[in-house]
Every structure is written in C-alpha cells, then in structure tokens.
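The following exercises ask you to work through one part of a structure, step by step. Look at the strands and their pairing before reading each solution.

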Amino acid sequence: MAAVIPSERKRVWKTPAGVTLCAGTEIADPGSRGFVLQIDEAWFHGFVVRKQGQVAGYVDRCPHQGFPLAMELDRYLTPDGDLILCSWHGAVFTPLTGACVGGPCAGARLTPWPVVVADGVIRTA
Ligand code: FES
C-alpha cells in the first residue's frame, strides 16, 4: 500500500454533530485549541476558542490565502487573548464572530464550525 502524502489527503470542511472534542476546562479563558478529526477517508482541521465564558469553533483555514492559522500548536490568539491571529500575514479576527477586523482580508470572515458545551464537554453541533 502506498503511503499517503499529507498534502494529498482529502479534506472536509464539516463534521458530524455530537463528536466529543475535550472537556470545557481544557481550554483557558481566553484560550484556544486546534483539532484534527478523521471523517472516513478525509480529514477536518478546526479550532475552538474560549472568550468571556463562551466558545466558538472555526474551520482552520484563513480567508486570505487558505492557510491554517496557527504556526504553533494551539496558538490561535494574539498574546493578549483579545483576537484570533493568523500567523502568516497578520489577519486578526474577533473570537466570537470570526469577523476579520484587520490585515489583508479585512471584512472577510472565518468559516464557522458549530460546537456546543454541554455537561462540561465541548462537542461538535
Ligand atoms: S493566510 Fe492568513 S493572513 Fe495570509
């Protein structure tokens, strides 16, 4: 069987509902965490941010050039925790809406990844 080169892996942009991601306490406030889920033969890349007691999920794909946002594992926020930061060219997004408020894709928006917190657990919705 031939090895699958990561860049040739099939990607998907949605997940089924009800997939357990982590305990709510595993993401600081403010904080963020990346997730890679295998959906059949394809892969989903997303991240969850927590801010002011709320959580929001996004597909890990910058609207500027389509790159994954974080160059460092789980580091999706600016150092002060106020905004989501794309590490490549500095686009910044509001954590709970995904709206780009600065950088090369100002006015664009991250693709939402629906997540919920129930009984202290973060799951896909
Ligand atoms: S790829 Fe995100 S700012 Fe350019």
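Two strands are taken to pair if DSSP finds at least two bridges between them. The model examined here is predicted.

**Exercise 1.** Determine how many bridges join strand E9 to strand E10, and describe the hairpin that they form.

*Solution.* Begin with the bridges: strand E9 (residues 115-118) and strand E10 (residues 121-124) run antiparallel and are joined by 4 of them. Next, take an individual pair, in which Ala118 has Val121 in E10 as its bridge partner. Finally, turn to the connection, where 2 residues lie between the strands of the hairpin and Asp119 adopts a positive phi near 55°.

**Exercise 2.** Establish the strand order of the open sheet that contains E10.

*Solution.* The second pairing to consider is that of E2 with E10, which run antiparallel and are joined by 3 bridges; within it, Cys22 stands opposite Ile122 in E10. The open sheet of 3 strands accordingly reads E2-E10-E9, with antiparallel pairing. E2 and E9 are the edge strands, since each pairs on one side only. On average, and with direction ignored, neighbouring strands of this sheet are turned by 25° against each other.

**Exercise 3.** Decide whether Thr20 is buried or exposed, and identify which residues it touches.

*Solution.* Thr20 belongs to strand E2 (residues 20-23). A residue counts as exposed if 12 or fewer other C-beta atoms lie within 10 Å of its own; because Thr20 has 9 C-beta neighbours inside 10 Å, Thr20 is exposed. Leaving aside residues up to four places away in sequence, Thr20 touches Val121 and Arg123. Thr20 and Arg123 are 103 residues apart in sequence, yet their C-alpha atoms are 4.4 Å apart in space.

Definitions and conventions. Residues are numbered from 1 along each chain as its sequence is written. This is a predicted model: local features need pLDDT of at least 70, side-chain atom pairs count only at pLDDT 80 or more; totals for chains, interfaces and linings use all residues. A residue is buried if 20 or more other C-beta atoms lie within 10 Å of its own, exposed if 12 or fewer, and partly exposed in between; C-beta atoms are placed from the backbone. Two residues are in contact if their C-beta atoms, placed from the backbone, lie within 7 Å. Axes are lines fitted to C-alpha atoms, for helices over the stretch in contact, and angles run from 0 to 180 degrees between N-to-C directions.
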